[in-house]
Each structure stands twice: as C-alpha cells, then as structure tokens.
Amino acid sequence: MGDSVPATVYLVGAGPGDPRLISVRGKELLEAADVVLYDGLVSPLLFANLRADLEYAGRATEDGRKRVLQPEINARLIELARSGRRVVRLKGGDPFVFGRGGEEAAALAAAGVPFEIVPGVTAAVAAAEYAGISLTHRAHASSIAFVTGHEDPNKPGQTIDYDRLAGWPGTVVFYMGLNRLGRIAAELLARGADPATPACVVSRGTTGLHRTVSGRLDDITDKATAAGLKAPSLIITGACVAERHAIDWFESKPLLGRRLLITRPAGQADEAVARALDLGAEPILCPLIEIGPPDDWKPVDDTIDRLAEFDWLVFTSVNGVAHFLDRLFEAGGDARRLGHLRLAAIGPATADALAARGLRADVVPQTFRAEALAEELRPHVADARVLWAGANIGREVLIEELTAAGATVEKVAVYTNREAESLPEPVAAHLAAGEIDWVLLSSPSIARNYARLSGRYPTQSPPKVAAISPVTADAAREAGLPIDVTAAPHTWAGLLDAVRDHVAGRLDV
Ligand code: SAH
C-alpha cells in the first residue's frame with residue numbers, strides 16, 4: 001500500500017475452452033500470479049497447479065456463481081495492483097473480443113496502474129477450426145464478420161446492420177447468439193439472404209463437450225433446438241460451413257462428449273488430463289485423497305541418517321519416491337547416499353519416478369500389487385534389512401510377507417494420505433444429474449473414498465467405473481462399486497486406453 005508503485009495487471013486470454021490453447025506467455029503469468037480474477041468461460045483445468053488465490057469475476061452462472069459487476073471488477077483490479085500483488089485478469093478466448101477487456105484496461109490506465117495485454121485464441125477461430133471450418137476458405141469468403149448476437153434484432157436502437165450482413169461477401173460469426181438464433185436467422189432471411197446459405201452452431205467448441213449442428217439458414221434454428229445445444233455457442237453462416245466434413249478432425253475423437261472424473265490427487269493429474277484431452281474427453285478433476293507431508297519429519301530424518309543400516313529400499317508409490325528423495329536432498333544429501341542400497345518399485349509409474357531422479361529400480365514386479373512385489377523380493381531378502389518408504393496408511397501385506405521371508409522390515413511414513421470430506425461442488429452437481437460418464441480410479445484408497453462419497457448422490461445413471469489394476473478393482477467391488485473395465489498396463493495411459501476401447505465396443509478387458 002501507500003506510495004509504492006502499483007504492480008502490473010495482466011489481461012490474459014485463456015483461449016476458447018481446450019486448456020492447452022492458452023499462450024505460453026499466458027501460462028507463465030498464471031503460474032507466477034498471486035491472484036487470478038477469472039470469468040465463467042475459463043477452463044477450470046487451467047487452475048490445477050496454481051498457487052494463486054482465485055476470484056470469480058464474471059456473469060452469473062448456472063452452477064450458482066453470482067454476477068460481479070464491471071465497476072466492481074475494475075475497482076478490484078486497481079485495489080489488488082496497489083497492494084502490490086501480481087494480478088492476472090483471465091478471460092475466456094481473447095480478453096478484448098466481446099470481452100470488455102478494453103474497458104478494464106482503460107480503467108487501469110485512468111488509475112495509473114500499469115498493465116499488459118496477452119491476446120488469446122478467440123472462440124470463433126478456434127471453434128470453427130475444431131469443427132473443420134476455414135472461415136476464410138479461398139473459394140467462398142473474402143471477409144469475416146464477428147457480430148454480437150446479444151442485441152435484439154427487433155429492438156429499436158440496435159446497432160447491427162442486418163441489411164449488410166444479409167449480403168455479406170463471406171462468413172459471419174455470431175457470438176452470444178444462441179438464445180436469439182431464430183430471430184437472427186429470420187432477420188437475415190427477411191433482408192434477402194439465400195435460405196440455402198450453409199449455417200452451423202458450434203456448442204462448447206474445443207472442449208470435450210464440443211458439438212456441431214449444421215444445416216441451412218432456413219432450418220438451422222429447428223435443428224439446433226432439437227439437438228438441445230448449450231451455451232456457450234457460436235453461429236456461423238457462409239459457404240465455408242459446407243466444406244467442414246472433409247476436415248472435421250476433432251469430432252472423430254474417440255471419447256468426445258464424455259465427462260471423465262480424474263481422481264488423481266491435486267498436482268499429479270497432468271498426465272491423465274493430457275491423455276484424456278488427446279482422446280477428446282472432458283476431464284474433470286476430482287481429487288479424493290490429499291497427499292501431504294508427514295505430520296512429523298523426525299522419523300524420516302532419522303531414517304535418512306541411518307541409511308547405511310539397510311540393504312534394500314522399497315517404494316510403493318510415486319509419492320513415496322518424491323517425498324523421500326526430496327527430503328534427502330533438502331537435508332543436504334543426494335543419490336550417492338543410496339549407492340549401497342538395492343531399490344524396488346511396485347510398478348512402472350514408481351519406477352519412472354525413480355528414473356526421473358537418475359535411479360534405476362532393481363526390482364519391478366510384472367503385476368502392480370504388493371503380493372507380487374513381495375514375491376519378487378523373496379529370494380533376495382533373507383537376512384536383509386529392508387526400508388519401506390510409504391504412506392501413513394496402507395496395506396501391511398508387504399511387511400508380513402517380507403518378514404516371513406526372513407527380512408527385517410522397517411516402514412517409515414514419508415507422506416500422509418488424507419481422505420477428502422466431500423466431492424468438489426461441480427462434481428457433486430454433475431453426478432447427481434447423471435452427467436458423469438466415467439470415473440477413473442487409480443488406487444484402492446481412492447476407490448474406497450469414491451464409493452463412500454458418491455453414495456451420497458444417488459442417480460438413475462451412475463458413471464461407468466474403470467480401475468487401474470485388479471487390486472483397485474477388488475477394493476471398489478468390496479465397497480459396492482461394480483467395475484466396467486480394468487486397465488492393463490496399470491498406468492494412467494493404460495486406464496484411458498481401456499476406457500477408449502470399451503467405448504469403441506472392444507470389450508475384451
Ligand atoms: N472473449 C471471448 C468471447 C466472450 S463473449 C472470446 O474471445 O472468445 C461470449 C461468447 O463467446 C459466447 O456467448 C459464445 O458465443 C462465444 N464462446 C466462447 N467460448 C466458446 C466456445 N468454447 N464455443 C463456442 N462459443 C464460445
């Protein structure tokens with residue numbers, strides 16, 4: 001506060017829906033931000049790994065968020081900048097295109113607050129390209145008009161010249177027009193537009209819920225209404241629309257239109273989300289367990305000091321690897337402290353986490369379960385001293401079986417695994433409405449938690465359930481959840497491929 005120079009405010013375009021379409025500059029600024037003020041069109045997936053505080057600043061939404069008025073948003077941006085916090089104002093698509101970013105910039109300029117503008121991919125361009133439409137197709141369009149459909153064509157004082165749009169030499173894209181589609185089409189037809197002009201509506205373009213309905217100017221309204229398209233949607237008219245089937249690459253994605261719950265703990269879902277997006281799905285993050293540091297580091301530090309006493313170091317999760325090795329490093333040690341130890345990993349992801357730190361697992365069982373790990377270790381551990389870097393909770397099978405094989409086993413809890421107390425709000429709403437297609441379970445504790453929490457939202461059409469491994473599938477069944485597919489290999493990529501195969505009708509899993 002006080003006399004210091006205000007921080008710079010960044011007006012950033014988030015892109016049209018697919019979270020990977022934000023610019024590199026935009027992503028860097030988001031990651032560095034203290035506070036992000038976002039609107040309702042921004043993909044929540046962009047928030048997954050941010051340290052910033054999030055504040056909603058947009059229109060009222062279906063899921064109950066209240067409208068924040070423009071003067072309040074402007075005032076808030078100025079206040080935050082003056083308090084020295086790094087502020088990103090994140091807006092769907094491009095911040096200026098039908099986005100009032102210009103007004104926000106003007107308010108900042110008037111208040112003497114420095115700002116920068118980071119353009120975004122605007123919905124018209126992105127949704128069209130994901131629908132296979134070239135807005136400036138050389139044979140059909142020498143111009144594009146971006147038009148707001150928000151103004152009522154019958155209202156006196158409206159500023160859109162429908163006479164000119166009816167004779168427009170190219171493509172017209174209406175933003176914010178879904179509710180007025182009938183009136184817009186009627187107005188264009190009344191002003192002499194050809195009824196056979198190709199037209200389409202692209203709903204939720206570039207997201208996993210992307211849908212396109214195409215027709216002609218004289219039937220598009222009925223078709224779009226019959227299809228029950230939802231906002232946000234764009235209306236595109238012009239001959240270029242007719243060419244789209246030759247290149248509608250996105251609409252053949254195998255999981256398009258499916259909402260998947262990704263139950264990975266926060267901060268560890270990137271790979272799963274990326275794979276889901278590649279397959280055209282709509283991933284929704286639903287962390288069911290929270291991974292945190294141990295309540296007390298002392299036992300971990302003591303074990304790190306006593307590493308010389310052990311022969312084997314065993315990891316049963318990526319979290320175990322990360323927490324143990326990070327702590328060792330922070331305490332001033334490095335991989336040389338493990339030089340005398342042999343290493344075991346329960347599965348490929350855990351082995352990969354070791355490899356990422358320059359360490360190769362000596363033992364990785366074929367199947368991802370504690371019994372298999374014990375089986376593999378048995379010939380090596382008679383009289384050996386084994387250290388298991390694991391979680392505060394979990395199965396004790398490993399200890400029992402290795403002890404029976406003659407080993408001395410010590411377990412140290414290098415992280416805690418806490419159960420979520422409720423499902424995230426949007427997930428609960430979608431579940432209750434029967435709008436989740438699949439839930440992807442990646443560990444027994446996640447499976448048990450999901451069964452417990454989802455039981456509170458009974459629905460006629462519960463999601464199908466995919467399990468990462470037989471152990472996870474068993475835990476789910478014991479908790480009352482029928483399993484539709486079990487992945488092989490037991491990785492997130494394997495899990496998503498199993499769902500894809502099931503959807504494609506290849507039910508061999
Ligand atoms: N600044 C945004 C537009 C904001 S106006 C941009 O540059 O894209 C809001 C309108 O944008 C919606 O009513 C809809 O017409 C359009 N829109 C935004 N995202 C969209 C999407 N993913 N698919 C289709 N239309 C979208």
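The following conversation works through sheets, salt bridges and surface features of a predicted model.

Student: What kind of model is this, and how are residues numbered?
Tutor: This is a predicted model, in which local features need pLDDT of at least 70 and side-chain atom pairs count only at pLDDT 80 or more, while totals for chains, interfaces and linings use all residues. Residues are numbered from 1 along each chain as its sequence is written, and side-chain values use heavy atoms, with hydrogens and water left out.

Student: Let us start with sheets. What is the strand order in the open sheet that contains strand 1?
Tutor: The order is 3-2-4-1-5, with parallel pairing in this open sheet of five strands. Strands are DSSP runs (E, at least two residues) and helices likewise (H or I, at least four), numbered from the N terminus. Two strands pair if DSSP finds at least two bridges between them.

Student: Which strands are at the edges?
Tutor: Strand 3 and strand 5, each of which pairs on one side only. On average, neighbouring strands of this sheet are turned by 20° against each other, direction ignored. Such angles are taken between axes, which are lines fitted to C-alpha atoms (for helices over the stretch in contact), and run from 0 to 180 degrees between N-to-C directions.

Student: How many bridges join strand 1 and strand 5?
Tutor: Four bridges join strand 1 (residues 9-13) and strand 5 in the parallel sense. Val12 has Val118 as its bridge partner in strand 5.

Student: What about the sheet that includes strand 12?
Tutor: That open sheet has five strands in the order 12-11-18-19-20, again with parallel pairing. Strand 12 (282-285) and strand 20 (485-486) are at its edges with a single partner strand each, so one side of each has no neighbour in the sheet. Helix 17 (residues 492-503) packs on this sheet and touches strand 11, strand 18 (438-441), strand 19 (464-467) and strand 20. The direction of helix 17 makes about 150° with that of strand 18. Contact here means heavy atoms within 4.5 Å.

Student: Which residue of strand 12 is the bridge partner of Ile262?
Tutor: The partner is Leu285. Strand 11 (residues 259-262) and strand 12 share four bridges in the parallel sense.

Student: Moving on to strand 7: is it covered or open?
Tutor: Strand 7 is mostly covered, as five of its five residues are buried. Buried means under 20% relative accessible area, exposed over 50%, and partly exposed in between (1.4 Å probe, protein chains only). Thr171, Val173 and Tyr175 point one way from the strand, and Val172 and Phe174 point the other way.

Student: Which strands pair with strand 7, and in what sense?
Tutor: Strand 6 (residues 144-148) runs parallel to strand 7 and is joined to it by five bridges, with Ile144 bridging to Thr171. Strand 10 (residues 233-237) pairs with strand 7 in the antiparallel sense over three bridges, and the partner of Val172 there is Thr237.

Student: Where is Met176?
Tutor: Met176 lies in the loop between strand 7 (171-175) and helix 6 (181-190). Met176 counts as partly exposed because its relative accessibility is 31%. With Phe98, Ile144 and Phe146, Met176 forms a nonpolar surface patch of about 300 Å² of accessible area together. Patch members have over 30% relative accessible area and no salt bridge; like charges are joined within 9 Å, and nonpolar side chains (Val, Leu, Ile, Met, Phe, Trp, Tyr) within 5 Å. The areas come from the Shrake-Rupley method with a 1.4 Å probe, and for residues only the protein chains shown count as cover.

Student: How many salt bridges are there?
Tutor: The count comes to 33 salt bridges, each being a side-chain nitrogen of Lys or Arg within 4 Å of a carboxyl oxygen of Asp or Glu.

Student: Which residue pairs with Arg25?
Tutor: Arg25 forms a salt bridge with Glu116, with the closest N and O atoms 2.8 Å apart. This pair links distant parts of the chain, since Arg25 is in helix 1 (residues 24-32) and Glu116 in strand 5 (residues 115-118), 91 residues apart.

Student: And Asp18, is it buried or exposed?
Tutor: Asp18 counts as buried, at 3% relative accessibility. Its salt-bridge partner is Arg20, at 3.1 Å from N to O, and Arg20 is partly exposed at 40%.

Student: Which residues form a network of salt bridges?
Tutor: Arg275, Asp497, Arg500 and Asp501 are linked in such a network.
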